[in-house]
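Below is a short review note on the complex, arranged as numbered points. Please read it alongside the sequence and the coordinates.

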Amino acid sequence: MPLVAALAASHAPNILLEPGAEWEDFMNLHHSMAPRGSGNRPTLNQQKKLRADAEAALGVLRADLDQAKPDVLIVVANDQFVNFFWNNIPTFFVTIADEVNGQFTRHKFRYRNHKELGKTIVRAGMHKGIDFSYGEHIELQHTQTVPLYFLLPEPKIPILPIYVNTWVDPSPSPRRCYQVGELVREVADNSSERIAILATGGLSHFPGSPRIGEIDEAFDHELLAVMRDGKGKSFVDYSGDDLLQAGDTEFLNWMVVIGAVGDAKATYTAYMPDFVATGWGFVSWRF
Amino acid sequence: MSCYHLSRLLFNLKMDEACFEKSLQDFEAVMNEYDLTTEERDALKSGDPRKLRQLGVHGMLCLYIKRLQPEFRDNIYWKQK
């Protein structure tokens with residue numbers, strides 16, 4: 001059956017941190033890394049408004065997800081040196097575990113993992129010439145838990161984490177990520193289950209870079225406009241460097257979902273730069 | 001030149017509580033457990049992420065040296081992954 005829902009959402013930690021002391025703490029560490037220091041520090045009221053706006057946007061995505069009544073949610077995200085280190089960096093990794101756990105500050109997460117769907121995707125990939133890495137254990141991190149806190153607060157359905165290497169060079173091309181998404185769509189089409197997919201990350205930000213604090217809002221707005229037009233396939237012509245220079249390397253996660261939705265138009269987009277580091281973006285494709 | 005061992009120590013400062021605790025007590029002893037050059041040891045002791053970056057460490061791992069600094073030791077950043 002065709003995919004029943006497709007979503008994309010930023011996973012910036014400060015979406016889930018509490019406005020006030022937790023935000024200040026987070027900003028202090030980040031700004032200590034930025035050579036130009038803290039340019040724009042959002043006031044407490046601005047922090048609260050950002051949280052409220054993000055919750056409203058994620059509320060739309062959650063309503064779309066609930067309405068689609070999915071049997072499983074595929075979560076396409078990147079690691080950031082939690083599960084993978086320089087001894088082995090998988091370009092694409094599928095989780096073949098029974099369950100997956102993680103913690104974000106005081107919030108604990110535990111989901112069943114759809115192992116069989118994971119194996120089906122790995123096998124389909126090998127048939128098509130996309131050779132995924134896979135493994136039986138991962139620890140969930142903010143790249144999954146921040147959006148899941150809002151989108152799937154009760155673990156009523158299993159998830160399936162798929163990792164894309166967006167965080168160390170060399171990383172896959174946008175075109176290759178799109179092809180992975182096409183493969184997921186084919187698997188969904190041939191499945192009797194109701195499959196939903198979520199990409200996380202982005203939009204513009206420079207984690208671990210001296211450019212942290214810069215947000216390329218113009219580039220982000222262009223991405224969202226193209227998705228609303230259903231022309232996301234055109235992003236396959238971007239180079240990795242195009243995304244890197246705009247701080248949008250995590251858009252590679254989104255490229256998988258864009259490959260999965262094909263020419264479908266995004267039905268909802270929201271965007272809010274957080275002043276600290278990241279242009280928060282939220283998208284839903286309602287089918 | 002690879003900076004694998006330097007990166008590994010920084011990774012462990014965030015991911016391995018035993019390594020972090022031991023580093024607070026005796027960072028020299030921890031550094032001795034890794035195959036580090038003199039330059040790498042000096043960069044670690046300086047506590048300056050920029051010096052670590054110049055040696056080829058990924059920017060995200062450079063940040064982890066801040067966990068040893070009193071100002072950032074209890075930062076919320078270390079309570080999430």
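1. How many helices and how many strands are there in chain B? Chain B has six helices and zero strands, so along the sequence its pattern reads α-α-α-α-α-α, and its radius of gyration of 12 Å is close to the 12 Å that the globule rule gives for 81 residues, making it as compact as a globular protein of that length. Its C-alpha atoms fill a box of roughly 35 × 25 × 20 Å along the principal axes.

2. The model is predicted. The predictor assigns the complex an ipTM of 0.94 and a pTM of 0.97. For chain B the mean pLDDT is 95, with 99% of its residues at 70 or more. As a general caution, predicted coordinates should not be read in detail where pLDDT is low.

3. Burial and contact range in chain B: 32% of its 81 residues count as buried. Among contacts in chain B with a separation of 6 or more, 51% are between residues 24 or more positions apart.

4. Chain A contains nine helices and 11 strands. Its radius of gyration is 18 Å, close to the 19 Å from the globule rule for 287 residues, so chain A is as compact as a globular protein of that length. The C-alpha trace of chain A spans about 50 × 40 × 40 Å along its principal axes. Of the 287 residues, 50% count as buried. Residues 24 or more positions apart supply 83% of the contacts in chain A that have a separation of 6 or more.

5. Eight strands of chain A make an open sheet of mixed pairing, in the order S6-S3-S8-S2-S9-S1-S11-S10. Its edges are S6 (133-135) and S10 (268-273) of chain A, each pairing on one side only. On average, neighbouring strands of this sheet are turned by 15 degrees against each other, direction ignored. At one end of the order, S10(A) and S11(A) (residues 279-286) run antiparallel and are joined by six bridges. Within that pair, A:Thr269 has A:Val283 in S11(A) as its bridge partner.

6. Two helices can be placed against this sheet. Helix H3 (residues 44-68) of chain A packs on the sheet and touches S1 (5-9), S9, S10 and S11 of chain A, with its direction at about 20 degrees to that of S11(A). Helix H9 (residues 251-261) of chain A lies across S1, S2, S8, S9 and S11 of chain A and runs at about 150 degrees to S9(A).

7. Is strand S2 of chain A enclosed or open? Six of the six residues of S2(A) (residues 72-77) are buried, so the strand is largely enclosed by the rest of the structure. In a regular strand, side chains alternate between the two faces of the sheet. Here A:Val72, A:Ile74 and A:Val76 point one way, while A:Leu73, A:Val75 and A:Ala77 point the other way. S2(A) pairs in the parallel sense with S9(A) (residues 195-200) over five bridges, and A:Val72 stands opposite A:Ile195 there. S2(A) also pairs in the parallel sense with S8(A) (residues 159-164) over five bridges, where A:Val76 stands opposite A:Ile162.

8. Chain A has a further open sheet of three strands, in the order S5-S4-S7, again with mixed pairing. The edge strands are S5 (107-112) and S7 (139-140) of chain A, each pairing on one side only. S4(A) (residues 99-104) and S7(A) pair in the parallel sense over two bridges, and A:Gly102 has A:Leu140 in S7(A) as its bridge partner. Helix H5 (residues 142-151) of chain A packs on this sheet, touching S4, S5 and S7 of chain A, at about 85 degrees to the direction of S4(A).

9. What does each chain bring to the contact? Chain A contributes 22 residues and chain B contributes 17 residues. On the side of chain A, the largest share is six residues from helix H2 (residues 21-33) of chain A. By class, that side has 12 nonpolar, seven polar and three charged residues.

10. One residue for inspection is A:Glu217, in helix H7 (residues 217-228) of chain A. A:Glu217 has 14 other C-beta atoms within 10 Å and is therefore partly exposed. Leaving aside neighbours within four places in sequence, A:Glu217 is in contact with A:Ser204, A:Pro273 and A:Gly279. A:Glu217 and A:Ile121 are 96 residues apart in sequence and 35 Å apart in space, C-alpha to C-alpha.

Key
Residues are numbered from 1 along each chain as its sequence is written. Chains are lettered from A and ligands numbered from 1 in the order in which they are written. This is a predicted model: local features need pLDDT of at least 70, side-chain atom pairs count only at pLDDT 80 or more; totals for chains, interfaces and linings use all residues. Helices (H or I, at least four residues) and strands (E, at least two) are DSSP runs, numbered from the N terminus. A residue is buried if 20 or more other C-beta atoms lie within 10 Å of its own, exposed if 12 or fewer, and partly exposed in between; C-beta atoms are placed from the backbone. Two residues are in contact if their C-beta atoms, placed from the backbone, lie within 7 Å. pLDDT is the predictor's confidence in each residue, from 0 to 100. The radius of gyration is taken over C-alpha atoms; the globule rule is 2.2 Å times the number of residues to the power 0.38. Two strands pair if DSSP finds at least two bridges between them. Axes are lines fitted to C-alpha atoms, for helices over the stretch in contact, and angles run from 0 to 180 degrees between N-to-C directions. Ala, Val, Leu, Ile, Met, Phe, Trp, Tyr, Cys and Pro count as nonpolar, Asp, Glu, Lys and Arg as charged, and the others, Gly among them, as polar.
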